[in-house]
Amino acid sequence: MPKPFLPVPNSTLPFWLTDRSPLDQIRSTPDLPLESDIIIIGAGYAGISLAYHLLTSDPSSSSEAPTITILEARSICSGATGRNGGHVRPDTYSLIPLYINRYGLDAAREVAEFELSHIKAIQDVIRTEAIDDCDFLLTQNMNVFLDQERGNATKEAIEALRKTGCGFVDDIFQIPDRDAESISGVKGAKTAFSFTAGSIWPYKFIMGLLRSILKHGGDRVNIQTTTPVTSVTSDGSIWHTIATPRGTVKAKKVVYTTNAYTFGLLPEYEPAIIPAKGMVAHIVSPTDGKGKRPPFLSQTYILRPDSSDGADYMIVRPDGSIIIGGAHQIHTFPEKGPEGNSEWYGNIDDASLIESTKDYFEGYMQRYFVGWEDTGAVVEGLWTGIMGYSADSAPHIGAIPSRPTQFIAAGFNGHGMPVIFLSTKGLAQMILHDKSFDDTDLPRIYKSSAERLDAIKRGREGGDILQSVTVSSSE
Ligand SMILES: Cc1cc2nc3c(=O)[nH]c(=O)nc-3n(C[C@H](O)[C@H](O)[C@H](O)COP(=O)(O)OP(=O)(O)OC[C@H]3O[C@@H](n4cnc5c(N)ncnc54)[C@H](O)[C@@H]3O)c2cc1C
């Protein structure tokens, strides 16, 4: 029997989806269009921002603008994007040393600078498209280590980056270890440093982009939710046939923005993009006077509670409530290897929680944060989401090998917010103008290629538990 590959019904309810837009279940027309120049499969951050760039990046040639159809299995932004931690945190130190080892300094630097450039790009599009309701906050991300050795190792890695002339490291402010606890507000903090990062209401951001798509695209855009794609076939003509339970659509170009679910439609990506289930909580404090008012935390956090690879990621909502995810050290069982727990690894079921982790966030703020002991803060909501882990850590962007006029933007790990918006801008250039990947400004290691897929397949067949599965497990 073929492995199930479609997003499941009755998924857990994230805080982000408790205030739905009227466009949530949009169907632009009662029936599917017969054909479209471009079909985008998946309406998460990647699919919606790609459509936005296709419509806005080249306004001068709007007379020849293509028709675009977006097919989404569930509702808009119901996948990882609508279930994530809301953290917009460019990586300036976590994976960069790994990339330097694997691909060299220049390639690693491209990734760090590309991620950092998202801070401005996201602010710009929020301003230009007036997406005022998405609660974007620009702040600092406080990285806290409770294990001294692990903190020391990270400090050394950052210093090594500084010595190689990586200017982006200048954004990192190292707090003296003696002040780590008082400045971070985390009990027992041994090491802490901070750098520029943001937080956002991801669903509202995507819905804002969707409103802009409808405004810019008019009747050139057709969006169909609750329309899962079950296959894509090509007969050598200019048309691909996209099958759904509601009928078929023909398209000249097909783009897969299906992230964790990519393996179902593109089996050659199965070893490269691995579904991985994560869990996130919404923590609130009572407002009825039954607890002490908690101190407002004005920064986002990464908290590394022990000597393992684990990390918890946390943002603070404008109302003072907390969105927190992570707990990988609990459910990944590093000693068994990443495949040791099918509760999360290779799991596409976001309708259930991760049993081994579900109590982890209860009492979290009281355990770790100074001044929260008597607040009565409790977990109000708990949900799961499915990440698309990239086996070699980098996302896959660009033309799909051996499938002419088909494209991909997927494999964004637990770390898509400072990666996807500009990745899809580059992809739009390839789709609209037949540009090659190498002629875009995208980091070179994001390019999807036959060589990369082969290397991953060989590595996995050889039993190589790829580093990314643990390294990229935290946001
Ligand atoms: C629990 C969790 C916490 C995270 N926290 C953060 C964070 O704080 N910061 C951060 O930067 N990143 C975080 N991430 C990662 C981030 O959310 C993702 O990288 C990003 O949302 C990926 O966007 P996407 O559009 O590629 O995928 P998705 O948002 O998953 O979109 C893919 C869409 O494709 C649809 N689809 C799939 N198959 C089909 C099909 N056959 N037919 C039609 N439609 C289909 C799905 O229904 C889905 O809507 C987190 C992810 C998770 C799961």
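Okay, N10: you'll find this residue in the segment before β1 (35–41). When I say helix or strand today, I mean DSSP runs numbered from the N terminus, helices being H or I with at least four residues and strands being E with at least two. N10 has a positive phi of about 55°, although it is not a glycine. For context, most residues other than glycine have a negative phi. N10 is also exposed, at a relative accessible area of 69%. My cut-offs there are under 20% relative accessible area for buried, over 50% for exposed, and partly exposed in between, with a 1.4 Å probe and protein chains only.

Quick housekeeping. This is a predicted model, so local features need pLDDT of at least 70 and side-chain atom pairs count only at pLDDT 80 or more, while totals for chains, interfaces and linings use all residues. Residues are numbered from 1 along each chain as its sequence is written, and side-chain values use heavy atoms, with hydrogens and water left out.

Back to phi angles. N259 has a positive phi too, about 45°, and again N259 is not a glycine. Where does N259 sit? Its place is the loop between β10 (247–256) and α7 (262–265). And is N259 buried or exposed? N259 counts as buried, at 15% relative accessibility.

Follow the chain on from α7 and you get to P271, in the loop between α7 and β11. P271 is buried, with a relative accessible area of 17%. Try putting P271 and D454 on screen together: 183 residues separate them in sequence, yet their C-alphas are 9.5 Å apart in space.

Now another proline, P176. That residue is in the loop between β5 (173–175) and α5 (180–184). P176 is partly exposed, with a relative accessible area of 32%. C-alpha to C-alpha, P176 and R317 are 28 Å apart, with their positions 141 residues apart in sequence.

On to the ligand. How many residues surround the ligand? The count is 42, and the closest are A46, E72, T81, H87 and M417. A residue gets into that shell if one of its heavy atoms lies within 4 Å of the ligand.

By class, the shell has 21 nonpolar, 18 polar and three charged residues. For that split, Ala, Val, Leu, Ile, Met, Phe, Trp, Tyr, Cys and Pro count as nonpolar, Asp, Glu, Lys and Arg as charged, and the others, Gly among them, as polar.

Let's look at individual atoms. One ligand nitrogen is 2.8 Å from a polar backbone atom of H87. A ligand nitrogen is also 2.9 Å from a polar backbone atom of V229. Then there's F412, with a backbone N or O atom 3.5 Å from an oxygen atom of the ligand. How much of the ligand does the protein bury? Taken alone, the ligand exposes 1,000 Å², and the protein buries 100% of that. That area comes from the Shrake-Rupley method with a 1.4 Å probe.

Which elements give two or more residues to the shell? They are α1 (45–56), β11 (273–284) and β15 (378–390). β15 gives the most, with three residues. By domain, the shell draws at least three residues from each of domain 1 (15–83 + 203–273 + 392–471) and domain 2 (136–200 + 274–389). Those bounds come from an automatic or database domain assignment.

While we're on β15, have a look at S390, which is in that strand. S390 is buried, at a relative accessible area of 0%. The S390 side chain makes a polar contact with the side chain of D392, at 3.1 Å. A polar contact here is a pair of N or O atoms within 3.5 Å; within protein, one must be able to donate a hydrogen and the other to accept it, and residues adjacent in sequence count only if both atoms are side-chain atoms.

Last topic, cysteines. How many disulfides does the structure hold? Zero, taking a disulfide as a pair of cysteine sulfur atoms within 2.5 Å. Why is C77 not bonded? Because the closest cysteine sulfur, in C134, is 12 Å from the sulfur of C77, too far for a bond. C77 is buried, with a relative accessible area of 0%, and C134 counts as buried as well, at 1% relative accessibility.
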